[in-house]
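Trainee: I am new to this structure and would be grateful for a close look at a single part of it. Please take the hairpin and the residues around it, and explain each step.

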Amino acid sequence: MADLCESCWYFSYDEESGEEFCDLQLDEDEYAKLLSSPEKNKTCKYFRPDTGEYGIVRKQN
């Protein structure tokens with residue numbers, strides 16, 4: 001699933017700490033449900049492909 005995370009819209013990198021993390025804004029209940037899910041090794045239901053800087057422009061054309 002790590003490869004999937006690297007191509008996700010919510011994947012972020014913090015230059016100061018050198019850590020990579022998911023920047024998806026979840027409340028405590030949603031986050032706990034995501035972590036305790038038996039399907040956590042499967043595809044993330046919040047996955048959104050990162051289309052890059054020009055993704056929105058492509059949709060407009």
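Mentor: What follows begins with the chain as a whole and then turns to the hairpin.

The model is a predicted one. Its chain holds three helices and two strands, and from the N terminus on these elements follow the order α-β-β-α-α. Of the 61 residues, 8% count as buried. The accessible surface of the chain amounts to about 5700 Å², and carbon and sulfur atoms account for 48% of that surface. Where contacts link residues at least 6 apart in sequence, 46% of them join residues at least 24 apart.

The hairpin itself is built from strand 1, residues 11-14, and strand 2, residues 19-22. The two strands pair in the antiparallel sense, over four bridges. Four residues lie between the strands, and in this hairpin Gly18 adopts a positive phi near 75°.

The pairing can be followed residue by residue. Ser12 has Phe21 of strand 2 opposite it, while Tyr13 stands opposite Glu20 of strand 2. In a regular strand, side chains alternate between the two faces of the sheet.

Asp14 also belongs to strand 1. Is Asp14 buried, exposed or partly exposed? Its relative accessible area is 31%, so Asp14 counts as partly exposed. Leaving aside residues up to four places away in sequence, Asp14 touches Glu19 and Phe21.

The cysteines deserve a separate step. How many disulfides does the chain contain? The count is zero, and the distances explain why: a disulfide requires two cysteine sulfur atoms within 2.5 Å, whereas the sulfur of Cys8 is 6.1 Å from the closest cysteine sulfur, in Cys22, which is too far for a bond. Taken from the other side, the closest cysteine sulfur to that of Cys22 is in Cys8, again at 6.1 Å and too far for a bond. As for their surroundings, Cys8 is buried, because its relative accessible area is 11% and the limit for buried is under 20%. Cys22, in contrast, counts as exposed, with a relative accessibility of 56%.

Finally, there are the aromatic rings. A search of the whole structure returns zero aromatic pairs. What lies over the face of Trp9? Arg48 does, at 4.1 Å from the ring centre.

To draw the hairpin together: strand 1 and strand 2 pair in the antiparallel sense, Gly18 has its positive phi in this hairpin, and Ser12 and Tyr13 stand opposite Phe21 and Glu20, respectively.

Methods
Residues are numbered from 1 along each chain as its sequence is written. This is a predicted model: local features need pLDDT of at least 70, side-chain atom pairs count only at pLDDT 80 or more; totals for chains, interfaces and linings use all residues. Side-chain values use heavy atoms; hydrogens and water are left out. Two strands pair if DSSP finds at least two bridges between them. Rings of Phe, Tyr and Trp (its six-membered ring) pair if their centres lie within 6.5 Å; planes under 30 degrees apart count as stacked, over 60 as edge-to-face and the rest as tilted. A charge sits over a ring if NZ of Lys or CZ of Arg is within 6 Å of the ring centre and within 35 degrees of the ring normal. Buried means under 20% relative accessible area, exposed over 50%, partly exposed in between (1.4 Å probe, protein chains only). Contact means heavy atoms within 4.5 Å. Accessible areas come from the Shrake-Rupley method with a 1.4 Å probe; for residues, only the protein chains shown count as cover.
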